[in-house]
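Colleague: Please take me through this model the way you would read it yourself, one feature at a time, and tell me what each feature rests on.

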Amino acid sequence: MPPRCSVLLLTVCALLLASCAGTPDRGRAGRYALDSVTAKCRQRPELCAELAREGAVARGGRTAEAVASATRAGIGALRVLDAATDVLVRQELVACAEHARSQVLIDHMDGKSPTPAQCNEVVHDEKSDRRISRAMLLGCLMHEVALACVGERLGKRLPGRFSLEQRYRYDRQSRSLTVMSKEEVRSLLRLRCGEELRGTLVPDVVIHSGDPLEVLAVYDFKFPCVSTGKVPSWREYEIGHPYQRKTQADLYQEAFGVIPHRVTPRIGVTE
């Protein structure tokens, strides 16, 4: 961790601890729950996952997540969805992918599919105030629409059992996962410590048991600018990245213990 980031993060942590201490009920509940879980885990490691869930404190999100992630190190058994839920999820994701592509093309391309030349054009992205390719712009917009669609549809059909763009820290050495809160991510970016996010995993859609660390299925949307009828490749990490020469699929399967799937308009769900 860069020295500047360490000092700033230690300061932030000190302030957070001080604020918890100023609220007796919350402070005691969080501390006692953590102490209890930690002590019992040392005595009975096989009970750690269950104890972590019981010791989770609603307002102590990061504390509960830290305990849960620490106790799940090495848990990578292959998990699968039941058949009915699997069919339901796939249908909803495909519907959202088709809706996203159609809506964005109507809004930005008069409903027409872009040509290869149009995909390669450099355009201005108002949201980021950057110059990017039209392919990247359309892909980002389609992702936004698709995720909003999934949130609405699965919110009704599978409430509490899915996450959208949930960020995870993954330790390859210990094979452990940590759920990162949006507040933690924003704090790192605000402190200009974005390098701390390097190597984290952010699947588009995660289906889980109700606990984001108990992953049952992982899906990523793929929106190729030009429709070729071929399944888009998984992105490969560049040289110099902690996961260099590996693909997203490689890391998702390694970290979550499930075979990840791509969701592509006009193609559907594929591995």
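**Reading strands, loops and disulfides**

Modeller: Let us begin with one pair of residues: histidine 208 stands opposite valine 215 in strand E7. Please keep in mind throughout that this is a predicted model.

Colleague: In which sense do E6 and E7 pair, and over how many bridges?

Modeller: Strand E7 covers residues 215-221, and E6 pairs with it in the antiparallel sense over 4 bridges. The two strands form a hairpin with 6 residues between them, and in the turn glycine 210 has a positive phi of about 125 degrees.

Colleague: Which other strand pairs with E6?

Modeller: Strand E3, residues 162-164, pairs with E6 in the antiparallel sense over 3 bridges, and here phenylalanine 162 stands opposite isoleucine 207.

Colleague: Are the faces of E6 covered or open?

Modeller: To read a strand in this way, take its two sides in turn. In E6, which runs over residues 205-208, Val205 and Ile207 are buried on one side, while Val206 and His208 are buried on the other, so that both faces are covered.

Colleague: Moving to the loop between helix H8 and E6, is threonine 200 buried or exposed?

Modeller: Burial is read from the relative accessible area, with under 20% as the cut-off. Threonine 200, which is found in that loop, counts as buried because its relative accessibility is 13%.

Colleague: What does the side chain of threonine 200 reach?

Modeller: The side chain of threonine 200 reaches the backbone oxygen of leucine 197 at 2.6 Å, and a polar contact of 2.7 Å joins it to the side chain of arginine 167. Once neighbours within four places in sequence are left aside, threonine 200 is in contact with Arg167, Tyr168, Arg169 and Met180.

Colleague: Aspartate 204 lies in the loop between H8 and E6 as well; how far away is the nearest side chain of opposite charge?

Modeller: That side chain belongs to lysine 222 and is 6.5 Å away, whereas a salt bridge needs the charged atoms within 4 Å. Aspartate 204 is thus buried yet has no salt bridge. What the side chain of aspartate 204 does reach is the backbone nitrogen of phenylalanine 221, at 2.7 Å. With neighbours within four places in sequence left aside, the contacts of aspartate 204 include His143, Ser163, Tyr219 and Phe221.

Colleague: How should I read the disulfides, and how many are there?

Modeller: A disulfide is a covalent bond between the sulfur atoms of two cysteines. The count here comes to 2 disulfides. In one of them, cysteine 96 and cysteine 149 have their sulfur atoms 2.1 Å apart, and with -75 degrees about the S-S bond the link is left-handed. Cysteine 96 lies in helix H5 (residues 83-109) and cysteine 149 in helix H7 (residues 134-157), so this pair ties together parts that are 53 residues apart in sequence. Both cysteine 96 and cysteine 149 are buried.

Colleague: Which cysteine is joined to cysteine 119?

Modeller: Cysteine 119 is joined by a disulfide to cysteine 225, with an S to S distance of 2.0 Å. This disulfide is left-handed because the torsion about its S-S bond is about -90 degrees. Since cysteine 119 lies in helix H6 (residues 116-120) and cysteine 225 in the loop between E7 and helix H9 (248-256), the pair ties together parts that are 106 residues apart in sequence. Cysteine 119 and cysteine 225 are each buried.

Colleague: What is the relative accessible area of cysteine 140?

Modeller: Cysteine 140 has a relative accessible area of 39%, which means that it is partly exposed.

Key: Residues numbered from 1 in each chain as written. Predicted model: local features only at pLDDT ≥ 70, side-chain atom pairs only at ≥ 80, totals over all residues. Heavy atoms only, no water. Buried < 20%, exposed > 50% of the residue type's maximum accessible area, 1.4 Å probe, protein only. Pairing = 2+ DSSP bridges. Polar contact = N/O pair within 3.5 Å; in protein donor to acceptor, adjacent residues only side chain to side chain. Contact = heavy atoms within 4.5 Å. Lys, Arg positive; Asp, Glu negative; His and termini not counted. Disulfide = S-S within 2.5 Å.
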